[in-house]
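Visitor: I have a new structure to look at and would like to learn how to read it. Could you walk me through it?

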Amino acid sequence: MLRPYAAARRHLSIADKLYELNWGLVLLIAIIASIGIAMLYSVAGGSWSPWASSQAIKLVLGFFMMIVVAMVDIRVWMNIAYPFYAASLLLLLGVELMGMAHLGAQRWITLGPLELQPSEPMKIALILALAKFMHGQSVEDISKPLRLMVPLAMIAMPAALVAMQPNLGTTIILVLDGCSLLFLAGLSWWWIAPVITGVAAAIPVAWRFVLHDYQKARVMTFMNPESDALGAGWNITQAKIAVGSGGAAGKGFLQGTQSRLNFLPEKQTDFIITNFAEEFGFVGCIALLILFGTVIGYGVQTAIQARSQFGRLVAMGITLNFFFYIMINGMMVMGLIPVVGIPMPLISYGGTALLAVMFGFGILLSVHIHRQVEIPRHSTGII
């Protein structure tokens, strides 16, 4: 009979890992990403330039990176969780000091030939770092005030730096990711209820001292988009027209008039899903949601099967991060929440965001491959 943790020391060959890879999840990711490239081809008027070809190259790189990341032992990711978080935090600080501004926001930094948006890898780094910290804590420890200060600081530091860029959508996702992991790790409702009350009470203060004028305009437009349909309400009004004009079955591929006539704002990024709705209608949107839901189901299944707390929390954190992307973007383009600048994962154009999502899926696949690995509570990673 195997001794405790014997499975944790079992060596898996590359062939074993490729056999254990969740190929169903890989296929789903490939299908959704292919839909994204098709949409980028469509919004460019049936052309691979300027977005579809570039995104296809990044997708191939992302897939290669995802498979490589999946082959790495989950305990290695646990080992480097804190350094990865620290490096991402330094990059966010670098954005404040020497970042590039675009459309009024300073979110990118240049490293040699690369232009990075550090807030994207920070989402994965935060999940890894919080999972590592909470792996070493008992359920009772999570709710102790002094212990709780550490994960709260880990959430607050990147959230504050991203909010200063300003990037409200990513700030919200970082806070949601962190708070969700605290809840899953066993945070007491005696903390959750007062925090929710405190956040609600802080909204007037944030409105007065934190939100920029353009962010306040987005909120006011959300409350009454028809008040300035040709100005501040243009984006959401055109998005609703595109979604509604698709009807039940849509106008057909390459037949979306809202994008081809340039009525849709940011048609290749934040609002690309409205072009999909116009061309494929309600039926197409339901089919896409089923694909997204199946990916999320695979993520939850991976978390349930993982035998280590670190693996469970990482799998759920990455799955929830993916879910928050979809939920916020979907609600945003339908006018159910203010526009906060969140792309649709695997569909919208964007290098750093795509690669960060693929990196996250790589770690999720690593958890699946190494789901039988047990990690002692006070282990720091590789035994």
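Guide: Gladly! Let's begin with contacts: two residues are in contact when they have heavy atoms within 4.5 Å. In this predicted model, residues 24 or more positions apart account for 76% of the contacts with a separation of 6 or more.

Visitor: What is the protein built from, and how compact is it?

Guide: There are 17 helices and three strands. For compactness, we compare the radius of gyration with what the globule rule gives for the chain length. Here the radius of gyration is 21 Å, close to the 21 Å given by the rule for 383 residues, so the protein is as compact as a globular protein of that length. Its C-alpha trace spans about 70 × 50 × 40 Å along the principal axes.

Visitor: What share of the residues is buried?

Guide: A residue counts as buried when its relative accessible area is under 20%. Buried residues make up 49% of the 383 residues.

Visitor: And which residues have the most contacts inside the largest nonpolar core?

Guide: The general idea first: in soluble globular proteins, nonpolar side chains tend to be buried together. In this model the largest nonpolar core has 95 residues, and M134, L346, F361 and I363 have the most contacts inside it. Helix α16 gives the largest share of this core, 14 residues. Take I363 as an example: leaving out residues up to four places away in sequence, I363 touches V69, W77, I124, L128, V314 and I318.

Visitor: How do I read a single helix, say α13?

Guide: Start with its length. At 1.5 Å a residue, the twelve residues of α13 (residues 234-245) should span 16 Å, and the end C-alpha atoms are 16 Å apart, which agrees. Next, look for the buried residues of α13, which include I236, Q238, A239 and A242. These four cover an arc of only 165° around the axis, so they are on the same side of α13.

Visitor: What covers the buried residues of α13?

Guide: The cover includes α12, α14, α15 and α16. After α13 comes G247, with a positive phi near 60°.

Visitor: Where does K216 lie, and what does it touch?

Guide: K216 lies in helix α12, residues 213-223. Beyond residues up to four places away in sequence, K216 touches W207, R208 and L211. K216 and P338 are 122 residues apart in sequence, yet 9.5 Å apart in space, C-alpha to C-alpha.

Visitor: Last one: is C179 buried or exposed?

Guide: Neither! C179 is partly exposed, with a relative accessible area of 38%. C285 also counts as partly exposed, at 24%.

Key: Residues are numbered from 1 along each chain as its sequence is written. This is a predicted model: local features need pLDDT of at least 70, side-chain atom pairs count only at pLDDT 80 or more; totals for chains, interfaces and linings use all residues. Side-chain values use heavy atoms; hydrogens and water are left out. Helices (H or I, at least four residues) and strands (E, at least two) are DSSP runs, numbered from the N terminus. Buried means under 20% relative accessible area, exposed over 50%, partly exposed in between (1.4 Å probe, protein chains only). The expected span of a helix is 1.5 Å times one less than its number of residues. The arc is that of the directions from the helix axis to the C-beta atoms. A nonpolar core is a set of buried Ala, Val, Leu, Ile, Met, Phe, Trp, Tyr and Cys residues joined through side-chain atoms within 4.5 Å. The radius of gyration is taken over C-alpha atoms; the globule rule is 2.2 Å times the number of residues to the power 0.38.
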